[in-house]
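Got your viewer open? Let's take a short walk through a pair of helices and then a set of strands.

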Amino acid sequence: MFSIQSRLKLLFVVIVTLVLSISGSFTQYSLGKALEESNQRLRKGVITRLQISLPSALWDLDKSKVDSIVEAEMLPPEVVSIRVYDSSVGLFAGKVRAPDGKLVSVERAPEPGGQAVDAPLVFLEGGSASASIKPVSVGRVVINFSRAQIDQTLASELMRKVIDVLVLDLILVAALALSLRVVFEPLKQLRDGLFDLATRGSDDVEELPENRRDELGDVIRGFNQIQRRLKSTIGRIREAEDAARRSAQQTAQALQDLRQTQESLLQAERLASLGSLVAGVAHEINTPVGIALTSASVLKAATDELEIAVKGAGLKKSDILRYVETASESARLIMNNAYRAAHLIHSFKQIAVDQTSEARRPFGLHEYIEEIVSSLQPKLKKTPITLVLNCPDEIVLDSYPGAFAQVITNLTLNCVEHAFEVDTAGEIMISARLDGDVVELHVKDDGRGIAPEVLDRIFDPFFTTRRGQGGTGLGLNIVYNLIVKQFIGTIAVSSTLGQGTHFTLRIPRVTPVDGEAEARAGAKAEDGTNADTLPAGPGVQA
């Protein structure tokens, strides 16, 4: 990286070079234009003089005179050859400039270079005193002009200007180096002092000399004052560190107690959720079991009556038919309600086992959500809320079903308890789709929505709008922790007052193994999520 001193030198060199280049280009252009005009005048003069002097000599076929005229016109070095052609005999005379500058006869020289100009030669027959003057074409003259002189002059001028620019740049760099040294030398001392202060500590750094009486001297005196103040501040900080070190053990113990308390609260919330599930399922099973018992009692009474009739030898066909009808209806009721109770027990058993276990296994998403919904029916039956499930059958997750059941349960019950007024009808929709290797879940309700000032805090621990009514404020916080830390996914929420709330969950179809999960969780922790403590709230994506 260039230093400021080097950049200043480079800047001045570029500016001077640019200015001189623009000036030199204009001068070069003006010189070239002047040389071109001079060359044009030379050409025009040579052609005019030859057209005046050559026709009479060519008319008289006076070769010596023609050669004299040609040699006179070739004095300027720009004229490289003159060839005179007679209209009847062809090439009559001419001269060519050899490479050494001498004039040789055109018959002994190769074809000349340069730009050729062909001019006709006209003789006025009859003389100037004749009454009738007839112009007669006696031949033509071909003159070759060279631009070598112009190009050489322009090249020499260009070289001179380049040398001028280089000399001026060198002088400027030398002058700047001497002048900038006055400024940058004390700045270097100040830089070294700052570096030592940052790396070695203020106690080991000596103050800079304050013998300058200019602006840089003021800066040095300010640096020394800052250093003295810094030493005083460091002394006070060390005293505070000693005091803090004495209470570090107490702080560590308090932090450990806080973490244990947080874990106990999370476990209590999960057990409370499971206890509520047990109570609801037990109450729900009472209905089909009661019906089955009643049907069995009716069947037992009918059987006793039939047995008495058989023993009394008074059995009739109508008694048998009535017994068969009663037995068939009782058996149907017993089977249907027993199957219903068995289904409830199976769903509860699977959900309860999953929620009390950290085991991982593959499970079908649609079937498992149906089991979760079945276990929530005792809660949902008490409300006019409809739960709609829209999930493809082919999605299979390799993950933690217990944690997943808790996520769906908490989100659903959160909608039931917070989204709708008491005895108000509504709809909760759970839908899912597969996006590559990511499962996207949507839990959406058409309830009253969440206020904007609350929306950013719903994932915070212990935040609840039902304080004193049984709310702990941990339901959605547990959902966030499970999605982000255990499933290595994301959760977002959007809501509009009066139109409902929409949770969007994205989790891998196959939950990463421990090493990969820890790496991803660590990356999330760097973004502000502490993996060891209860998060203070991840924020909400609206």
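Start by selecting H7 and H9, which are oblique to each other (not under 35 degrees, over 145 or in the 65 to 115 range). This is a predicted model, where local features need pLDDT of at least 70 and side-chain atom pairs count only at pLDDT 80 or more, while totals for chains, interfaces and linings use all residues. Residues are numbered from 1 along each chain as its sequence is written, and side-chain values use heavy atoms, leaving out hydrogens and water.

H7 covers residues 365-375 and H9 residues 401-418 (helices are DSSP runs of H or I, at least four residues; strands are runs of E, at least two). Their axes come within 10 Å and cross at roughly 60° (lines fitted to C-alpha atoms over the stretch in contact; angles run from 0 to 180 degrees between N-to-C directions).

Now show side chains. On H7, pick Leu365, Tyr368, Ile369 and Ile372; they meet Pro401, Gly402, Phe404, Ala405, Ile408 and Thr409 in H9 (contact means heavy atoms within 4.5 Å). By class, that's eight nonpolar, two polar and no charged residues (Gly counts as polar, Ala and Pro as nonpolar).

Next, select strand E12, residues 500-508. It pairs antiparallel with E10 (residues 438-445) over seven bridges (pairing needs at least two DSSP bridges). Click Val439 and you'll find its bridge partner, Ile507, in E12.

E12 also pairs antiparallel with E11 (residues 490-496), over seven bridges. Here Val493 has Phe503 as its bridge partner.

Last stop: the E11–E12 hairpin, with three residues between the strands. Select Gly498 there, which takes a positive phi near 85°.
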